[in-house]
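Colleague: Could you walk me through this model slowly, as you would for someone in a first year of study?

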Amino acid sequence: SDDFEDFVQNRKKNYLHVRLLTIRSKESAVLKETDAEELRETRFLPEKYTFQTANWIFGDKVALLSLQKERPIGIVIQDNTVANTFRMYFELLWKNAEQT
């Protein structure tokens with residue numbers, strides 16, 4: 001959507017790099033092709049690990065966004081302990097994700 005494109009453009013303007021974990025699909029393969037220009041590194045998880053939320057970890061915050069179109073909801077938790085725990089989860093998944 002336009003909001004997501006605005007987010008990407010603002011992130012690029014501020015040189016904020018991200019790492020993305022997702023399942024392999026036509027859409028995610030196209031996304032991976034633009035990793036370098038969009039300051040992103042994408043890795044793929046097995047399809048059985050389909051996320052139903054988008055999770056962002058930044059500083060001492062974690063943002064959880066529901067991917068349900070009918071009833072979207074977002075939560076931001078500001079707590080260093082929670083953010084560090086989510087980072088550990090992410091790093092475990094990242095190390096086991098497929099790079100290509």
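**Strands, a helix and a loop**

Colleague: Before the details, how many bridges join strand 3 to strand 4?

Modeller: This is a predicted model, in which local features need pLDDT of at least 70, side-chain atom pairs count only at pLDDT 80 or more, and totals for chains, interfaces and linings use all residues. Residues are numbered from 1 along each chain as its sequence is written, and side-chain values use heavy atoms, leaving out hydrogens and water. Strands are DSSP runs of E with at least two residues, helices are runs of H or I with at least four, and both are numbered from the N terminus; two strands pair if DSSP finds at least two bridges between them. Strand 4 covers residues 61–66 and runs antiparallel to strand 3, and the bridges joining them number six.

Colleague: In what order do the three strands of the open sheet lie?

Modeller: The pairing in this sheet is antiparallel. Strand 3 (53–58) and strand 5 (74–78) are the edge strands, each pairing on one side only, and the order is 3-4-5.

Colleague: Is His-17 buried or exposed?

Modeller: His-17 lies in the loop between helix 1 (2–13) and strand 1 (18–23). Buried means under 20% relative accessible area, exposed over 50%, and partly exposed in between, using a 1.4 Å probe and protein chains only. Because its relative accessibility is 61%, His-17 counts as exposed.

Colleague: What separates the C-alpha atoms of His-17 and Leu-39?

Modeller: Along the chain, His-17 and Leu-39 are 22 residues apart. Their C-alpha atoms are separated by 4.8 Å.
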